[in-house]
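Reader: I would like a close look at the charged pairs in this protein and at the buried surroundings in which some of them sit. Please take the cysteines along the way, since I handle such samples at the bench.

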Amino acid sequence: MSRPPAIVRLTPGKRILFLTKEPELLRRQLAGELDLRMEDLAVDDLLDDINTDAMTPAWVCFDWDPNEIAKNAYAGLVVDGQRLIPERALLDGNFEVIVSGLRKGVGSSRETAAQCEAYSGIRIAIAASFAPIHARNNINLGTLMGDHEVLRRLQAGEGIPLAEFTRGYDAITRQVIEWGGLFPYSKALAEGKVALPQLSTPPRPMTMAEKILARHLVGVEAGERHVQPGDPVVVRVDGGYSHEFTTAQVHAFLAEEHGPDYTVQNPERFAVFEDHLIYADEVARMRPHLPKIEVLREMQRKFQEHTGVRDFSAENGVSPGICHEVAREQMVEPGDFIQATDSHTCMGGANNALTWGVGATEYAALIQSGFTMVEVPESIRFELSGRLPPNVTAKDLMLHILLRYARPQQTLNRVMEFTGPGVSTLSMDERATLANMATECTARSGIVLADEETFKWLAAWRPGADVARMRARAVAPDDGAEYAGGVHAIDLSALEPMVADPGDPDRGIPSDPTNGAFVSQIGDVRIDIAYAGSCTAGKIDDMLFYHQVAKEAVDAGLRVAPGVEFILQCGSAAVERFIREHGFYETFRQAGARIIPPGCGACIGCGPGVSDTADQVTVSAINRNYKGRSGPGKLWLASPLTVAASAFTGRITAYTPGMFARRPVAV
Ligand code: SF4
């Protein structure tokens, strides 16, 4: 990463790649036969909605080496089975600008998507608009972003002031861009070469997220700690974690930036996990990538030995559990500010902490320095009342919120706060489902108000912990706190079982209010796979839900429906111990379920539970169902109760207590 000049110009001899909808135009540019100008084209001629999977499919993320990532830039941009940008084409094409249409970088938060361009020599990305997380990754990597008018001016020979590329960003982000990315900026900050913007927010009522950020401000006197949405702030980070998909890059970045003897702050509050790729060998299309996965594991081992962070590696090939589940059981405390390299880090919000996922670059910078830069996000509040009906779970509540509030973008980039008397009717595991799925709502995070149950649960999971300290650090919103997204009352007792149509978690469909069944809403949907697990649905209470249904079915003489594979996977070793000690294991076995060791992978196509063919149908308790993410089949999202009930009927079925004792069973 080098610092951009004060006046940005095109480099003589370097080229511009236009990602055109017309494949032949793209091919000729890559072959060196054609150099286009912006005035030759309309924005409409350029590819829109290039998603991060198209830029770097999951298998490219198995690489940590910049050259390998650059070599496979745009490996997922395929027409008729052929890559539109062949291997090495971007890297060897002498390009410094890449041009596309609307919404560049939508989809998952993977940083490799931005890296594949930066490592190929791209220093300016031009698009009509960028997805927010992808834009952040570009900023962290030092890639400038502009629109098509900027390109027209550059191609006309104009020098464009850097200030035009930083316009509209908060003061710290402007500085990051001016220094050429997050690493050079953090270094300059540590060397005292950068003066941080002065914060001048007067005392004001704050939301839970604002209070946590205010308490973590670096270089601000305790009495002056107030923030408001939009404030650029530098904040201490209490802890975090990475897993084998991401740690290798963190290790490589730190060694490159700070030398092989680099150090990290507070290693006892950070951790590594072996949980996401541990069972990849069970998926046929992942087997060619196993050697690369082994390299990632080895790099993570080196990082852990070098830094001394907590080690949650697999033992004898079995994971100690999913990072998000283990972190909330053992690491995350009320009032904490936690950052980790995975979008479901927000699950820690159930413990009344502020937690969200970041890319490998941001994580490397913060674990080395102990602080990070944040623009204070806006908040949206959900005031819960009443109690969920017996066949409705927190997963149904989140599918309801996704449909009603996330789909019209009310939760976008905001912190979702869950408060109200209804919170206390939910177990801590159910609260974790709320916080976990904040990322599906494209929210910044989710955080749940603490109550007596919070401290009781924490004390039970962490014998000897200083619960009085936890109480003192817990946050509640101030009276008069401002919610840009509004305050929304939800009566839990009025909710119904929900499913989400394959393709997007925000395509929720409630069961028929007249009979509680799904068939009139979605038809008779036969299933091949019922998956019960993941960070969202591998907790103790989820196992209680699965068991409630399985026990009823087994007692009624039923087994898993013919042709259906019912896969159960606990979120952690502790959860698995629970199901063994309580006899659930035996019930699940009698039912014909397949119980696999703790961990995950199904949601990223890297473990048991993925579909193999396009005609397979899955009903799953996981969190997201984007096309192709969990195999080529169709994936319906549902609650743990619905998943278990469907496993026994062989079709998507809303659960009602006692249903298997009755005949016939309504779907
Ligand atoms: S469901 Fe599994 S793979 Fe997906 S984010 Fe959660 S832990 Fe990771």
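Author: A residue is called buried here when its relative accessible area is under 20%, and exposed when that area is over 50%, with partly exposed in between. The model is a predicted one, and by the cut-off just given Cys 570 is buried, since its relative accessible area is 2%. The sulfur of Cys 570 lies 12 Å from the closest cysteine sulfur, which belongs to Cys 600, and that is too far for a bond. Cys 441 is likewise buried, at 0%, and its sulfur is 9.0 Å from the closest cysteine sulfur, in Cys 346, again too far for a bond. With a disulfide taken as two cysteine sulfur atoms within 2.5 Å, the count comes to zero disulfides.

Turning to the charged pairs, side chains of opposite charge can pair when their charged atoms come close. The structure holds 45 salt bridges, and three of them can be followed in detail.

In the pair Arg 328 and Asp 429, the closest N and O atoms are 2.4 Å apart. This salt bridge links distant parts of the chain, for Arg 328 belongs to helix 14 (residues 323–330) and Asp 429 to helix 17 (residues 428–436), 101 residues apart. Both Arg 328 and Asp 429 are buried.

Helix 17 also supplies Arg 431, whose partner Asp 451 sits 20 residues away in the loop between strand 18 (445–448) and helix 18 (452–461). The side chains of Arg 431 and Asp 451 meet in a salt bridge with an N to O distance of 2.9 Å. Arg 431 has a relative accessible area of 0% and is therefore buried, while Asp 451, at 17%, counts as buried as well. Elsewhere, salt bridges that share partners join Arg 236, Asp 238, Arg 269, Glu 333, Asp 336, Arg 469 and Arg 473 into one network.

The remaining pair lies within a single helix: Glu 68 forms a salt bridge with Lys 71, and their closest N and O atoms are 3.2 Å apart. Because Glu 68 and Lys 71 stand three residues apart in helix 3 (residues 66–71), about one helical turn separates them. Glu 68, at 23% relative accessibility, counts as partly exposed, whereas Lys 71, at 18%, is buried.

Conventions:
Residues numbered from 1 in each chain as written. Predicted model: local features only at pLDDT ≥ 70, side-chain atom pairs only at ≥ 80, totals over all residues. Heavy atoms only, no water. Buried < 20%, exposed > 50% of the residue type's maximum accessible area, 1.4 Å probe, protein only. Salt bridge = Lys/Arg side-chain N within 4 Å of Asp/Glu carboxyl O. Helix = DSSP H or I, 4+ residues; strand = E, 2+ residues; numbered from the N terminus.
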